[in-house]
Structure formats: structure tokens, C-alpha cells
Amino acid sequence: MEIDLEEIIAILEMLERSDVTEFQLDRGDLHLNIRRRGSVATDEPAQPAPAVPTGTGGHESATPPSGSSDPVRAEPATVAAPVRPQQAESVPSPIIFELDDDEVTVTAPMLGIFYSSPKPGTAPFVSVGQHVDEQTEVGVLEVMKLFNTVRAGACGVVTRFLVGDGDTVEYGQPLMTVRAVP
Amino acid sequence: MTRRVFVANRGEIALRIIEACDRLGYETVLGVSAADRDSLPARRAGRVVALGPADAARSYLSLDIVVQAAVSTGCHLLHPGYGFLSERAELAELCEEQGLIFVGPSAEVLRTLGDKLSARKLAVELGIPVAQGGTASSVEKAHDLAERVGYPVLIKAAFGGGGRGMKRVEDPAELREAWPVATAEAESAFGDGTIFLERFVREARHVEVQVLGDRTGRVLHLGERECSVQYRYQKVFEEAPCAALSSTARAVLHDSAVRLTSAVKYVGLGTVEFLYDSDRDELTFLEVNPRLQVEHGVTEAVTGIDLVREQLLVVQGQPLSFAQEDVRISGHAIEARLTAQDPDRSLAPSPGRITRWRPPSLGGLRLDTHLYEGYLFPPQYDALMAKVIAAGPTREEARKLLVDVLDRLEVQGPATSLPLLRRIASSAAFAGNTVSTSWLAQAMAEGSV
């Protein structure tokens, strides 16, 4: 069965008024996972972010089939947990996304503000589709006006950015995905 | 506007700060390392942000990351707790630059008092007695100084605290070996390698005064604590008040502490530590711990004052809501520190999964702890598991309650100091209140405790 956007919004509004910190819905090929900002996932102590619904293969779509021309590589679900706690904040919540089997994430080596280019208005370190290796500089993290290099740490092609320029990211938070190229 | 506090610490003290904030209606943000995502304070905080990996140098001790996290989460205050960055003047400075209220004294005061060497100098200027000693720029000069002071001497980290970074040295050969090691340890533990030495007082009691100052320049004391039950300069038992003090010595103690901290217009909570030679009825100034102290709970138990609450209020500019004569010491409280340390292996650290945790529930008991059944006690940090505080009308009644509590306390998983705590609480020396700072190590070596 399919759930439309309005129904998802209704669910989100309901959750916002509740104490629920994590919500997971699995219906057919729909897998919705919403986590409140600041909540600690008790089942995932080591990794902060990718709350990929368990039990689903990497090639399954997390949203209703959207007519993607490539059924194997369906559009990833990017339902960014929009349930806000009472506190306003600038650190974005973990982004819910799905990782293909041949994809890996580049994670933040520390808490900091992410920038995809060396200076405002300049070309980004890397773009989607670009080939990177372990040592390729893919971004910087600003911590108290000091810039720390983020390296890809993997060999492949950049497939997605998971955070925006100027977002404060936490340690271990996935920043982008890289698809391994044989 | 609701105040929001960044808690720059972990373990039981993070929990204690969160609790105080909750009662004041303040929001909390806790910065955690990768090893602490599952911790009890992480569950209790309003919000949690991951600072860095388990390695403290890249998480809790990273000044820039901690302040960045506080700024990015829109906090107004930053509470450093104890240990980690709590005594770093650079942190107070960086907070001020970023518009954050640092919950502690000013950077200038932290430089003067947090540096044990300049604190010594100030005490001397004010006519407060100090132990003989000083610093040296090389091992050779340290030798000369130690010869003048006389062995044994204590090597201390200028920026150490809470008993950490101290080493007793018996002779020149030991000094030669210990000096560079202590420098390196101080550098790694406190971010500054400055060390100094002092004459070692053999039979002394450790007494300390709790002070609280506001921004109007007023400083009050909240009585003293005794912390003579120590092992390798780590406090194991603390109590309030100190039953061994003469009334003259007590008056000198309180007066010295208030004069020293008033001289620097101290703001917030601080502890002025002394050694007390009960045979000679003599006090010597040790150092000031310019922060919330681990053992603050025993003072709370006998004064009825919530120290963390007062600390949060005074740093925001609120004048003290009570006067010196309002501070009344009532009854006696004793704290035992339960640690993940094995008494059968010289209190070696023993981290691991807590498989059973059943504290008793008794009147007069306070338990400050971040333990829960199933918690994986991490190996990277301090071994403190719980502070067991027993209060009663007299020292003996408090002690008996503590014995009872420790007997009924159940903890399983890693080896803990519980068997040792039980033996100490029941020992004749502790019951008779004849303990000096060297007692525990000696009694353990003899097998009498």
C-alpha cells in the first residue's frame, strides 16, 4: 500500500506533539524511519546517523517507487527527520538515507561546520560524479575558525552530498557517499 | 528566554549538572565522545552532540571542538564540571569571546589559582602558611631545590588537580627518573608540562574549605571537608565537617580560604585545600581547585545548599541569596568513591560491562552515579562509578549508615573497589578518626585493611 505526502505530514505532526524519539514504519516496500533530534539510538551505539531500516536490502527503495528509470538504483530516501524537539538548534539531525551495497560514506572526523569549498564562491573540492581516492580532499570542517581537512578515505565516485554548506556536523556523521569503482 | 547550558563533561558529574539545570528550568546540551553515546547523562540531557572519538584528547579535551559545539547548539552557558577542561583559563577566555558564560571563575583568576605555583605565591603574600618548595627549570636545579627542602618531596603538576599528577620521591636517583616522566605526564594529562616540588608532610590530614563567590566581590565559605583517606593521592573517602580540627585551627582555615579567594574576587565554586598536622595543630596551604569538586555532595548534605544551583546563579550575576551567618553545619556526612579499580591488583583500572547494579534504598543515603545494569564502563576515562554519601546526626551515625549501605550494595561485572570501601568503613582507624593521608596505602600494604 502507498502512503502519500499528506499522510506522512500527518504522522510527523502527531509525532511532534508526542514524546516519541524514534518511529519506524514498514509497509510493503515503504520504509520510513524518523528520529527526533538529539535522541540517542540505543540500538546503534557506534554509529550516529544512517538509520537505514534493518532487514531491507540496499537496492530496495525506501520511498514508494517513483518511476525511476533504474530500478536497481532507485532514488534514495532523503527524509530528513523533521520532528523537532522543543529546543531550536543549528546542528542538523542525522539524515536518513539508504546506502547501496557498493557505496560507502565519508564521515566527519570531528564536530565542526562543513564546507564543500575552500572559500565562499570558489569551486567545491569535489562534485557529484567526480572520482576520488583515499587522500582526496573532499571538504573542510571549521572548528573555532580553524579549518580541518576532510579526506575521502575511500576510492570511487562521489554520488551524493548528505549535508549542506555551513551545516554543523557531529563526529561520525556521514557527509557524502562514494560509490566504489572496480 | 530559557537558558541553555552546554555540559562539557561526562559520567556522574554530567548527570549532576543536568539535574541542577532541570530544576532551574534550563535546557541542556551534552557533548559526548563516541564512547559515551549510550551513557546515562546522554539519555537525560535535552540534547546530545558527538564531539569526537573516544580518545579524550580529540573530544572532551579539545577546547575548540567543545566551544564550537556549545556555540553551534545555541547555548548561553558552558559548565565544565571537574577534570578535563574545567581549570583551563583558555576555555574561560574562548567562552567570553564567543559570548558564552563560563560556569567558573574568570580566566585571570584561573591563571592565578589554577596554576599551583602562582597560588602558592599569593598565599605567601597574604601570610597563609605554605609547605617549603618551588619549581625548577631543569632536573639539576630540581635536585638543588630538593636538597634544600629535604627528601622526601612531592612532585606536582602546576596545572594538575584533584590529586592527579602528583608523585612522591624519596631520593635524588628517584627524582632524576621522575622529573621528566612527571613533565611528560603533566603535558599529556593537563596540556601543560610545568611541574614543581614541595616538602612531603608525612603525617597530615587533608582538609579543604568550600567557598562560593558572587560578582559583587563577596565570598562565603560553606565549611570544611576532610579527605585523608587517599590512595596515591586519589581521594577515596571524604567527609564534612572535619571532626579532628581544633576550633582555633578551624577559624584559621576558614579565614585563610576566604581571604585567599576574596583577594582575587573569586566568582563561583572553589575549594581551598590544606594539610593539617593534628599533632602540632598546624595548617599548610596546598592549592585551590577553581571548580566544582567531586566531593561537593558531603557539603550539600550538611549545609542543605545546592552548590551547583548556586554556582549557576552567581556566574550569571545574581548576588548570593544568603549571608555567612545563614550557613549552618548540621550533622555529618561521609562519601565513599566506588571506582572500577581492583583492590586485589593495587587498584588497577578494571573497565567492563556492569552485569548487576542494585543499590540499597535507605534514609540518609545519597547516590551520585551514572551506572546502570548493562552499561559498558569504558576504559578511556576516570574510574569513578558512584559516590555513596551517608549522612547522620553524628560522625559515628553517618559511618554506621555507610557501613550498612556498602554491605547491601550489589555490583557485578568488572572488579570494583567495593570490598576495599567496606573494609575501610569498618576499620578501627577510620571509626576512631585517626587516619592521615598515608594511612590507606600503608594499611593496604600491611594487609590490615
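The legends below describe close-up views of a predicted model with chains A and B.

**View 1. Chain B as a whole.**
Chain B contains 15 helices and 25 strands. Its radius of gyration is 21 Å, close to the 22 Å that the globule rule gives for 449 residues, so chain B is as compact as a globular protein of that length. The C-alpha trace of chain B spans about 55 × 50 × 45 Å along its principal axes. Of the 449 residues, 61% count as buried. Contacts between residues at least 6 apart in sequence join residues at least 24 apart in 66% of cases. Chain B exposes about 16400 Å², and carbon and sulfur atoms supply 48% of this area.

**View 2. Chain A as a whole, with its confidence.**
Chain A has 1 helix and 10 strands. The helix comes before the strands along the sequence, in the pattern α-β-β-β-β-β-β-β-β-β-β. Of the 182 residues in chain A, 45% are buried. For contacts in chain A between residues at least 6 apart in sequence, 60% join residues at least 24 apart. The accessible surface of chain A is about 9300 Å², with 54% of it belonging to carbon and sulfur atoms. The mean pLDDT of chain A is 72, and 60% of its residues reach 70 or more. Residues 38-89 of chain A have pLDDT below 50, and this stretch has 113 contacts in the model beyond near neighbours in sequence. Where pLDDT is low, the predicted coordinates should not be read in detail.

**View 3. Helix α1 of chain B.**
Helix α1 of chain B covers residues 11-24, which is 14 residues. From its first C-alpha to its last it reaches 21 Å, close to the 20 Å expected at 1.5 Å a residue. The helix is mostly covered, with 11 of its 14 residues buried. Among them are Gly11(B), Ile13(B), Leu15(B), Ile18(B) and Leu24(B). Just after the helix, Gly25(B) takes a positive phi of about 80°.

**View 4. Arg16(B) and its surroundings.**
Arg16(B) belongs to helix α1 of chain B. Is this residue, Arg16(B), buried or exposed? Arg16(B) has a relative accessible area of 4% and is therefore buried, the cut-off being under 20%. Residues up to four places away in sequence are not counted in its contacts, which include Arg23(B), His296(B), Glu300(B), Asp306(B), Arg366(B) and Asp368(B). Arg16(B) also touches Leu307(B) and Val308(B).

**View 5. Cysteines of chain B without a disulfide.**
A disulfide is a covalent bond between the sulfur atoms of two cysteines. How many disulfides are there over all chains? The count comes to 0. Why is Cys21(B) not in such a bond? The closest cysteine sulfur to that of Cys21(B) is in Cys75(B), 9.6 Å away, and this is too far for a bond, because a disulfide requires sulfur atoms within 2.5 Å. For Cys95(B) the closest cysteine sulfur is again in Cys75(B), at 10 Å, also too far for a bond. Cys21(B) is buried at 0% relative accessibility, and Cys95(B) is buried with a relative accessible area of 0%.

**View 6. Val236(B) between two strands.**
Val236(B) is found in the loop between β13 (234-235) and β14 (237-240) of chain B. Val236(B) has a relative accessible area of 9% and is buried. Leaving aside neighbours within four places in sequence, its contacts include Val229(B), Gln230(B) and Tyr231(B). Others in contact with Val236(B) are Glu335(B), Ala336(B), Arg337(B), Leu421(B), Ile424(B) and Leu440(B). The C-alpha atom of Val236(B) is 34 Å from that of Ala69(B), a residue 167 places apart from it along the chain.

**View 7. Two cis peptide bonds in chain B.**
Tyr151(B) and Pro152(B) are joined by a cis peptide bond with omega of about -5°. Pro152(B) is in the loop between α7 (139-149) and β7 (153-157). The bond from Ala240(B) to Pro241(B) is also cis, and its omega is near -10°. Pro241(B) is in the loop between β14 and α9 (247-263).

**View 8. Positive phi at Met144(A) and Asn433(B).**
Met144(A) is not a glycine, yet it has a positive phi of about 50°. Met144(A) sits in the loop between β6 (137-143) and β7 (146-151) of chain A, and is buried with a relative accessible area of 12%. Asn433(B), likewise not a glycine, has a positive phi of about 60°. Asn433(B) lies in the loop between α14 (428-431) and α15 (439-446) of chain B. With a relative accessible area of 16%, Asn433(B) is buried.

How values were computed: Residues numbered from 1 in each chain as written. Chains lettered and ligands numbered in written order. Predicted model: local features only at pLDDT ≥ 70, side-chain atom pairs only at ≥ 80, totals over all residues. Heavy atoms only, no water. Helix = DSSP H or I, 4+ residues; strand = E, 2+ residues; numbered from the N terminus. Expected span 1.5 Å × (residues − 1). Buried < 20%, exposed > 50% of the residue type's maximum accessible area, 1.4 Å probe, protein only. Contact = heavy atoms within 4.5 Å. Rg over C-alpha atoms; globule rule 2.2 N^0.38 Å. Areas by Shrake-Rupley, 256 points an atom, 1.4 Å probe, with all protein chains shown as cover. pLDDT = per-residue confidence, 0-100.
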